[in-house]
Amino acid sequence: MKDLFAVIMLSGIYGLLSASFFVAMDAVDVAFTEASVGAGISTLLMLAAITMTGRSEHPVRHKPVLALAVVIVTGSLLIYGTLDMPYFGSAEAPVHQHVAPRYINDSMQEVGVPNIVTSVLASYRGFDTFGEVVVIFTAGMGVLALLSVVRHPKGVAGDIEEIDSLNKSMHEEHLILRIVAKMLIPFILLFALYVQFHGDYGPGGGFQAGVIFAAAIILYTMLFGMSTARRVINQSLIQLFAAIGVLVYGSVGVISLLEGKHFLDYSALSADPVAGQHLGILLIELGVGITVASVMVIIFFNFAGRKDDQQNKENNES
Amino acid sequence: MDSLLNISSALFLLIGSFLCISGGVGILRFPDFYTRMHAAGVTDTLATAMILIGLMLQNPDGLVILKLMMILLMTLIISPTASHALASAAVHNNLMPELDKKEDNEKVTSSNP
Amino acid sequence: MLIAATVAILVVMIMSIIRAIMGPTFYDRILAVNMFGTKTVLLISLLGFVMGRPEFLDIAIVYALINFISVIGVLHYSDSSVFKRGSQQKK
């Protein structure tokens with residue numbers, strides 16, 4: 001397929017189909033994350049990216065036969081290696097005999113949170129989640145390092161006039177969409193907060209909430225123009241927030257260290273260990289949500305802002 | 001009372017699925033983009049409303065009804081807006097609908113008894 | 001009755017995928033993807049009721065919002081100058 005646009009839409013549908021598989025397998029949290037990230041934000045970010053690169057793929061000069069051969073050999077070796085493993089979901093697999101019963105039986109007394117997925121993610125495997133948050137933060141920093149937009153040093157008055165004229169000329173045909181978006185965006189932001197703090201009792205948690213929050217801001221940016229969005233959301237403030245999220249997560253761990261226990265051992269946070277677990281999970285989910293939302297917004301502003309600057313240069317030259 | 005709820009819920013679900021399938025058939029068989037959009041847009045909203053009302057009648061439990069009503073309200077606002085956006089983008093990019101020509105119309109009206 | 005409604009929605013989703021593959025113009029494909037998205041919202045709600053887990057409704061709400069934002073995004077980015085240059089070359 002040469003047309004990248006069609007490829008993006010097909011990958012969006014693929015993300016949606018895998019979310020339906022997860023729903024059919026009764027895994028609610030994973031389906032939630034896949035639907036919001038795989039089918040939503042990835043499509044939007046990739047669309048913003050191909051406005052910079054162009055719509056069709058460059059023709060390949062040679063047929064990649066050697067690469068295909070390497071992939072086939074490696075894949076068949078991997079499949080041969082998995083033939084020895086027990087069947088998917090069989091009762092004798094070590095996962096189901098040692099690891100899963102411990103989590104399922106003991107999670108309620110040790111952590112006290114009804115959603116076992118959240119307790120595993122945030123408490124039993126808190127260190128892995130810390131790694132994920134740092135990876136997301138690093139991705140945001142990478143995008144900033146490579147694509148950071150150089151702002152024109154204009155005066156404040158010039159900026160405001162340019163913004164008003166741009167708003168009137170380019171986006172007036174979006175009137176109905178703007179009014180509907182004004183009704184919807186507060187609701188979406190509120191729903192993101194609900195998902196964030198309801199992650200203990202139902203599906204949800206920090207990652208999904210951050211993605212939904214970023215999606216609301218992306219909707220606002222698309223409909224009202226890049227310059228208005230830059231006035232609403234200060235670029236340096238968002239970068240600060242991305243760092244604050246990782247910092248909150250790390251400080252919870254360091255506080256546990258200072259109290260004399262292991263890193264990220266939440267029972268050190270309060271007198272009653274279960275209350276300590278609740279507080280710890282609340283704080284780290286907040287850190288995760290803040291970082292994910294800020295990094296997604298940073299990436300989108302960098303992709304879309306570059307396209308707007310290119311357009312401005314073309315409009316000024318022509 | 002229980003069986004009345006069951007029967008009405010089944011009725012709403014039946015109407016909803018019928019509208020849904022007719023929308024699907026329409027999107028496959030209509031000749032032009034704008035006619036297909038009629039099929040997709042109208043039946044999307046109405047079928048969703050019918051099926052969600054059927055689900056609401058089936059399980060009268062507070063929070064679930066509230067969430068279903070939120071989905072219903074959001075779909076009623078979002079679905080027509082998306083259709084409008086799609087149609088205005090298509091017109092803006094010069095996708096013209098297929099119109100009847102004038103001579104064909106006169107031939108048809110003169111040949112009909 | 002719930003299972004019959006689920007089967008009907010699956011049939012309609014397959015029909016819309018056929019239109020997405022067949023559709024001659026670009027806007028046919030976006031229309032089919034939009035319809036696929038709203039039918040997925042219904043499918044998730046129905047599956048939640050069939051399997052007795054009303055927590056799936058949260059996913060349905062999220063997916064309705066994400067579908068809307070994605071369609072608006074695709075339309076917005078298909079209006080940009082890169083694509084206009086392409087369509088002008090075709091003319």
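How many residues does each side give to the contact between chain C and chain B? I would like to start there this morning, and before I answer I should say that what we have in front of us is a predicted model, so please keep that in mind throughout. The answer is that 35 residues come from chain C and 34 residues come from chain B.

Let us stay with the chain C side of that contact for a moment. The elements of chain C that each give two or more residues to the side touching chain B are α1, residues 2–22, α2, residues 26–50, and α3, residues 56–77. Among these, α2(C) supplies the largest share, with twelve residues. If we then sort the chain C side by class, we find 27 nonpolar residues, five polar residues and three charged residues.

Now let me go through the chains themselves, beginning with chain C, since we are already there. Chain C has four helices and zero strands, and from the N terminus on its elements run α-α-α-α. There are 91 residues in chain C, and 62% of them count as buried. When we look at contacts in chain C with a separation of 6 or more, 44% of them are between residues 24 or more positions apart.

Chain B also reads α-α-α-α from the N terminus on, with four helices and zero strands. Of its 113 residues, 35% are buried. Taking again the contacts with a separation of 6 or more, residues 24 or more positions apart account for 67% of those in chain B.

Chain A has 318 residues, of which 35% count as buried, and it contains twelve helices and zero strands. For chain A, 72% of the contacts between residues at least 6 apart in sequence join residues that are at least 24 apart. Chain A is also divided into two domains, with domain 1 covering residues 1–85 and domain 2 covering residues 113–317. Where these domains meet, 14 residues of domain 1 are in contact with 17 residues of domain 2, and the domain 1 side of that meeting has nine nonpolar, four polar and one charged residues.

How does chain A meet the other chains? With chain B, the contact takes five residues from chain B and five residues from chain A, and on the chain B side these residues divide into two nonpolar, three polar and no charged.

With chain C, I would like you to look at one pair of helices, namely helix α2 of chain A, residues 28–53, and α3(C), whose axes come within 10 Å and cross at roughly 5°. Angles under 35 degrees count as roughly parallel, and therefore α2(A) and α3(C) are described as roughly parallel to each other. On the α2(A) side the residues that take part include Val28(A), Phe32(A), Leu44(A) and Leu47(A), while those on the α3(C) side include Phe56(C), Ile59(C), Tyr63(C) and Tyr77(C). Sorted by class, the residues of this contact divide into 15 nonpolar, six polar and one charged.

Close to this subject is Arg53(C), which sits in the loop between α2 and α3 of chain C. Leaving aside its neighbours within four places in sequence, Arg53(C) is in contact with Val28(A) and with Gly48(C). Is Arg53(C) buried, exposed or partly exposed? It counts as partly exposed, because it has 14 C-beta neighbours inside 10 Å, and a residue would need 20 or more to be called buried.

Let me set beside it a residue from chain A, Thr291(A), which is found in helix α12, residues 273–317. Thr291(A) has 28 other C-beta atoms within 10 Å, and so Thr291(A) is buried. Apart from neighbours within four places in sequence, its contacts are Val133(A), Ile136(A), Phe137(A), Ala242(A), Gly245(A) and Val246(A). As for Ala192(A), it lies 99 residues from Thr291(A) along the chain, and the two C-alpha atoms are separated by 14 Å.

I will finish with a helix in chain A, α3, which covers residues 65–82. This helix has 18 residues and reaches 26 Å from its first C-alpha to its last, close to the 26 Å expected at 1.5 Å a residue. How many of its 18 residues are buried? The count is zero, and α3(A) is thus hardly covered.

Terms used
Residues are numbered from 1 along each chain as its sequence is written. Chains are lettered from A and ligands numbered from 1 in the order in which they are written. This is a predicted model: local features need pLDDT of at least 70, side-chain atom pairs count only at pLDDT 80 or more; totals for chains, interfaces and linings use all residues. Two residues are in contact if their C-beta atoms, placed from the backbone, lie within 7 Å. Ala, Val, Leu, Ile, Met, Phe, Trp, Tyr, Cys and Pro count as nonpolar, Asp, Glu, Lys and Arg as charged, and the others, Gly among them, as polar. Domain bounds come from an automatic or database domain assignment. A residue is buried if 20 or more other C-beta atoms lie within 10 Å of its own, exposed if 12 or fewer, and partly exposed in between; C-beta atoms are placed from the backbone. The expected span of a helix is 1.5 Å times one less than its number of residues. Axes are lines fitted to C-alpha atoms, for helices over the stretch in contact, and angles run from 0 to 180 degrees between N-to-C directions. Angles under 35 degrees count as roughly parallel, over 145 as roughly antiparallel, 65 to 115 as roughly perpendicular and the rest as oblique.
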